[in-house]
Amino acid sequence: MTQPAATAPSAPPPPPPEAVGPLMRSLSVLRELAADGGRQPVGDLVRRTDLARSTVDRVLSTLARLGYVRIEGRDAVLAPRLLELGNAYLAASELPDRLGPLADRLADELDESVSLAVPDGDGVRFVHQATRRRAMSLAFRIGDLLPAERGAPGALFADHWDAADWQRWRSRRAADPTDAGFPAVPPRRAEDGADDAAGPGADAASPAVFEARVAAARDAGWSLDDQLIEPGLVAVAMPVRDTTGRPVCALSVVSHTSRLSAAELPDAVLPRLRETVSAMEYALSLPREAAAAPDTAPGPSHPAHATWMRASKQELGPEFVESMARGLITLTAFGAGRAELPLTAVSEATGLARATARRALITLEHLGYLATDGKLFRPTPKVLELGFAHLSGLTLPAIAQPHLVALVERVHDSASMAVLSGDDIQYVARVPTVRIMSVNITLGTRFPAYPTSMGRVLLAGLPPAELSARLALTDLAPLTRHTVTDPGRLLALLEEVRSHDYALVDEELEEGLRSLAVPVRDRTGRVVSAVNVSTHAGRCTADEARERLLPALRTAAAAIEADLWVAGRYARIPVL
């Protein structure tokens, strides 16, 4: 069926009278930061948002109080805690929790990248990624948005568009011919798509060709992406439907033409793809208690009650905008088991007055972050545009770096983070301090684990059987006259480290070097890295170092863990 011709895009509707202005302004600042890679000079934010400098300053001050933004010099930087907004949507959708493990298994079986995507307006947004690490592999992140016409899932979702949806799509195409509004994909040339003919050589993303692809996907039950995003990238997608038959997401297998051509890919993956879709649809049909239990590891939460608000207002004065903070916190009311909520439940979950919660919900619905049937509200995939893609791509060292900076500012000694690499520790983050006598270590430096404070913290975090096996094969060579080389004594020291949750090593790696370290744990409680402070042994006694450094170290580790727990809820956070 021929769809309506495009017209000029209409202006967005004006905000309703109940809309919360400060909340709308804070979201515009977050969107601008997210669109520019998560960091932007404050002056540029003023120009790009068309807000007054004083307004932007108040927005950023409030966002910093919430932990969503950091101010580093002249720059505003998105902070990992902002991910809790996107986590609320993902948990409410249940898609990553119920279907993610099945997608991961399919990726392992096929040795190809696999993704889950949902419709978001006339685009497609990723909610789960299981990627293969290759020289040429999928680089999309959770939260990235693609135009519906440039990819396999879009044709599946467009089959359920009505005339108004098609009209919006055509208007967007006319207004944005290069896909500038979709920074996750390579831009198209402005002249592409001018020819609507579906014959040979026509633009694969042109309206006529896209309509033909939608019809073909409807007939086949699956959709093919033959290098629609970029040369060499091919994919096959199938819809995953709920018990009503509605497609709630699409499961895609992505490959490269160096491994499989577009003609070969369907034959290679469709049998397993169909089996996995059937398993996913069964998983969606299960009642909540029978489905896989969602991750319930502890993480930071906002005390949205009046006490916290009053304390923030008292501390920051006019630089803390309560209506803004309350509005953003409203999104965190949703989550696992709370996919749709009435006004009363949102008010109770956040501790906000009904009138306050109602205005926030109306504002968020107007902006597209919530949908409602008039009684129940639910978060939409658009919530993920608030920095989720950028922040979910952070590494553990990047998460740790600002907290190491704060630690060094507090203790005036160098701080580092290391991970276990074989029998060694490897430095992955470091903030030096300036002293006449200082410890000079570069990123990537490796030391034996057994005579170092971070090494002992990491060894103590291993399962007992693995620790015993490692120590049995380790050459405990004396590096200084203080190095512990007796296996029994070292094992006893590691038991103390495990019991006390820190390690102090005095001149065992190098004469005159004293180091104190604490562990950093992920959401499951597993020790994934260690943080230390190194100092010269002549500056103070071991007991004085312990008294001075250990509280600050533990505070820094706790802050890193808080960010890691939020960031690692749905994304895989690499340690390097």
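R569 and D97 form a salt bridge, with their closest N and O atoms 3.2 Å apart. R569 sits in the segment after α19 (542–567), while D97 belongs to helix α5 (residues 95–110), so the pair ties together parts that are 472 residues apart in sequence. R569 is buried, and D97 is buried too. All of this is read from a predicted model.

**Other salt bridges**

The structure holds 42 salt bridges by the rule used here. Another of them joins E211 and R170, whose side chains meet at 2.6 Å, N to O. This pair also links distant parts of the chain. E211 lies in helix α8 (residues 207–220) and R170 in helix α7 (residues 163–175), with their positions 41 residues apart in sequence. Buried or exposed: which describes E211 and R170? Both are buried.

D44 and R47 give a local case. Their salt bridge has its closest N and O atoms 1.9 Å apart. Both residues lie in helix α2 (residues 42–49). They are three residues apart, about one turn of the helix. R47 is exposed, because its relative accessible area is 60% and the cut-off for exposed is over 50%.

The three pairs can be set side by side.

| Pair | N to O distance | Separation in sequence |
|---|---|---|
| R569 and D97 | 3.2 Å | 472 residues |
| E211 and R170 | 2.6 Å | 41 residues |
| D44 and R47 | 1.9 Å | three residues |

Salt bridges can also join up into a network. Which residues are linked in this way? They are D122, E149, R150, R172, R173, D179 and R188.

**Strand β4 and its partners**

Now turn to strand β4, which covers residues 113–120. Seven of its eight residues are buried, so β4 is largely enclosed by the rest of the structure.

β4 pairs with strand β9 (residues 247–256). The two run antiparallel, and five bridges join them. Here V114 stands opposite V253 in β9.

β4 also pairs with strand β5 (residues 123–130). How many bridges connect β4 and β5? There are seven, and this pairing is antiparallel as well. S115 has Q129 of β5 as its bridge partner.

β4 and β5 together form a hairpin. Two residues lie between the strands. G121 is in the turn, and its phi is positive, at about 65°.

Key. Residues are numbered from 1 along each chain as its sequence is written. This is a predicted model: local features need pLDDT of at least 70, side-chain atom pairs count only at pLDDT 80 or more; totals for chains, interfaces and linings use all residues. Side-chain values use heavy atoms; hydrogens and water are left out. A salt bridge is a side-chain nitrogen of Lys or Arg within 4 Å of a carboxyl oxygen of Asp or Glu. Helices (H or I, at least four residues) and strands (E, at least two) are DSSP runs, numbered from the N terminus. Buried means under 20% relative accessible area, exposed over 50%, partly exposed in between (1.4 Å probe, protein chains only). Two strands pair if DSSP finds at least two bridges between them.
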